[in-house]
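Here's a quick walk through one protein model, written for someone who likes to know the cut-offs behind the words. Have the coordinates open and follow along.

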Amino acid sequence: MLTLGEKLRPGSPSLPQNVLDTEVYEFPWPSFSASEINISGLPSLNHALYLFTTVKFHLGQTYRLFDEVEFESEIKDFYANAVQNVSEYRVWFIKFLLVLAFGTAFHTSHTTAQEPPGARFFSRAMALMPGPGCMWKESMLGIEILAMAGLYLFCIDDRESAHCYLSNAIRIAQMEGLHTQLPQEELGAEKVTHCRDLWWTLYIMDRHFSSSLGLPMSVQDGDITTPVNPPNCVIFATRPPLLAALKERSELLGHPDDENWDGFLAQTATVISAGIKSAAKTLQILSKEYSMLEVFLPYDVEFAFGAALHLTMASAVFPDVVDYQHCRHLSHQILHELVSRGNRIARARTAELKYLETLCAELAVQGRRQGHQTLTLSHLESEPMDVWGADAGNEARLTVGDQNLGAGMPEPDVSLQDLGHNTSSNMDLLNSIGISADNFFSIIQQMPDPETLSESILDWDLWKEAT
């Protein structure tokens with residue numbers, strides 16, 4: 001947005017106010033002393049168990065933050081004499097409050113409140129939290145609490161604080177050896193399984209939190225000795241080449257004779273094609289069942305916004321490659337549905353998306369007026385590849401150049417693995433757009449055929465098979 005705004009609107013403010021307003025919620029951070037621990041306002045036992053079941057349903061497929069059977073038993077033990085147990089269960093009580101915060105948040109929708117859902121319980125948990133320099137006497141419980149606190153903060157778009165809490169949890173986990181091969185003979189199978197599940201939950205969260213902030217990962221794969229199968233977990237790095245093309249197009253405005261795209265597209269067109277196809281498929285999957293969209297967890301918002309962002313940039317540089325208007329319609333439908341159900345982050349992302357759409361449309365119009373060439377990816381195409389699915393009916397169709405490809409974007413003649421061979425020119429290109437060439441080619445060489453990837457690749461059962 002800054003790059004395009006400065007180029008297209010040099011006399012205007014960099015960003016509009018509705019995009020600069022980054023505070024999604026007004027969080028009521030606690031003002032009372034941590035010594036003031038009480039059970040006022042807690043739900044009944046049955047209601048607490050109901051909220052815990054809700055948390056298991058929403059989080060259990062992706063995150064394994066605690067032993068579910070053990071925690072349910074602890075809830076019942078706590079309520080047997082809550083007044084007396086609240087002091088004895090002090091650290092556990094923090095975890096319980098966080099579960100109540102998540103359970104309340106998952107049940108809250110259509111709210112106009114300025115504070116995030118579940119904030120009342122989360123604020124109480126924060127008031128009881130030990131200081132950042134305090135050592136947790138119950139380390140496993142401390143890891144679980146810090147990770148849950150980080151996840152809640154990430155859900156309300158306080159990503160910096162979320163990253164700090166998660167980093168603290170990871171450091172404690174490493175001191176306890178969760179990243180290593182734990183001795184099952186001494187600890188028992190159940191304990192080792194829980195430790196491994198908790199570690200890989202932290203690993204998944206670290207990858208997501210760090211990348212969302214543009215920060216290095218807290219955990220490096222080389223430091224891990226607990227069993228894992230990395231080749232089955234592939235990260236598609238397709239946005240940087242597209243962003244490089246967008247930046248190049250904006251910098252060449254007014255100088256159409258200086259354009260020379262052949263070398264760039266020869267090295268990046270396959271990856272750009274894969275990214276466009278992935279973004280279109282993401283929107284199709286999310287739009288299949290609006291009632292299943294997750295309102296509190298941020299991932300459906302991010303998937304929809306990320307796909308829309310990718311296709312908006314693509315439409316400005318490769319205007320004939322995708323039925324952009326249909327994709328835009330789908331993305332706004334998804335975000336509107338989330339906004340209508342009380343997701344304030346979706347509302348903020350919608351404002352950002354609309355502004356970027358305006359800028360990209362201006363870039364495309366100026367390019368046509370100034371006689372810049374229309375870029376396509378058609379020189380890599382051969383047989384059609386189904387993007388929208390065989391049952392898509394009248395769904396939008398991806399096109400390349402002037403050729404209507406019906407089912408979708410074609411299979412490239414050049415395999416993804418082939419991109420790693422022209423190392424000299426490729427390294428210059430990747431270095432110029434801020435990517436580590438060694439890391440990029442390593443990822444490319446591990447990429448399977450995109451058609452073999454399951455739509456449920458994030459499913460926990462698949463993740464456990466990989467570990």
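The side chains of Gln284 and Lys281 make a polar contact at 3.1 Å. A polar contact here is a pair of N or O atoms within 3.5 Å; within protein, one must be able to donate a hydrogen and the other to accept it, and residues adjacent in sequence count only if both atoms are side-chain atoms. Gln284 sits in helix 13 (residues 262–287), and with a relative accessible area of 3% Gln284 is buried. Buried means under 20% relative accessible area, exposed over 50%, and partly exposed in between (1.4 Å probe, protein chains only). Helices (H or I, at least four residues) and strands (E, at least two) are DSSP runs, numbered from the N terminus.

Now the ground rules. This is a predicted model, where local features need pLDDT of at least 70 and side-chain atom pairs count only at pLDDT 80 or more, while totals for chains, interfaces and linings use all residues. Residues are numbered from 1 along each chain as its sequence is written, and side-chain values use heavy atoms, with hydrogens and water left out.

As for the whole protein, its secondary structure comes to 19 helices and two strands. Of its 467 residues, 50% count as buried. Contact means heavy atoms within 4.5 Å, and among the contacts with a separation of 6 or more, 77% come from residues 24 or more positions apart.

**Around helix 4**

Which residues of helix 4 are buried? They are Phe71, Ile75, Phe78 and Tyr79. These cover an arc of only 90° around the axis, which puts them on the same side of helix 4; the arc is that of the directions from the helix axis to the C-beta atoms. An α-helix has 3.6 residues a turn, so residues three or four places apart point the same way. The cover over that buried side includes helix 3 (45–59), helix 5 (82–88) and helix 6 (90–107). On the face turned away from it, helix 4 carries the exposed residues Val69 and Ala80. Where helix 4 starts, a side-chain oxygen of Asp67 comes to within 3.2 Å of the backbone nitrogen of Val69.

Here's how two of the helices compare with their expected span, which is 1.5 Å times one less than the number of residues:

| Helix | Residues in helix | End-to-end C-alpha distance | Expected span |
|---|---|---|---|
| Helix 4 | 13 residues | 19 Å | 18 Å |
| Helix 11 | 25 residues | 36 Å | 36 Å |

Right after helix 11 comes Gly214, with a positive phi near 70°. Asp157 also has a positive phi, near 75°, in a residue other than glycine. Asp157 lies in the loop between helix 8 and helix 9 (159–175) and, at 17% relative accessibility, counts as buried.

Just before helix 4, in the loop that links helix 3 to helix 4, is Leu65. It counts as buried at 3% relative accessibility. Not counting residues up to four places away in sequence, Leu65 touches Glu144, Ala147, Met148, Leu151, His194, Leu198 and Thr201. Its C-alpha is 9.6 Å from that of Leu141, 76 residues apart along the chain.

**Pockets and cavities**

On a 1 Å grid over the protein atoms alone, a cavity is a set of points where a 1.4 Å probe fits but cannot get out, and a pocket is an open set with protein on both sides within 12 Å along at least five of seven lines; lining residues have an atom within 4 Å of a point. Grid points are joined across faces, edges and corners, and a volume is the space filled by probe spheres set on the points.

The second largest pocket holds about 360 Å³. It is lined by 16 residues, and the closest to its centre are Glu70, Glu74, Lys95, Leu141 and Glu144. Helix 4, helix 6, helix 8 (139–155) and helix 11 (189–213) each give two or more residues to this lining, and helix 6 gives the most, with four.

How many cavities of 30 Å³ or more does a search of the whole structure find? It turns up six. The largest cavity has a volume of about 110 Å³, and its lining includes Arg249, Pro319, His372 and Gln373. Helix 14 (299–317) and helix 16 (344–369) each supply at least two lining residues, with helix 16 giving the most, at four.
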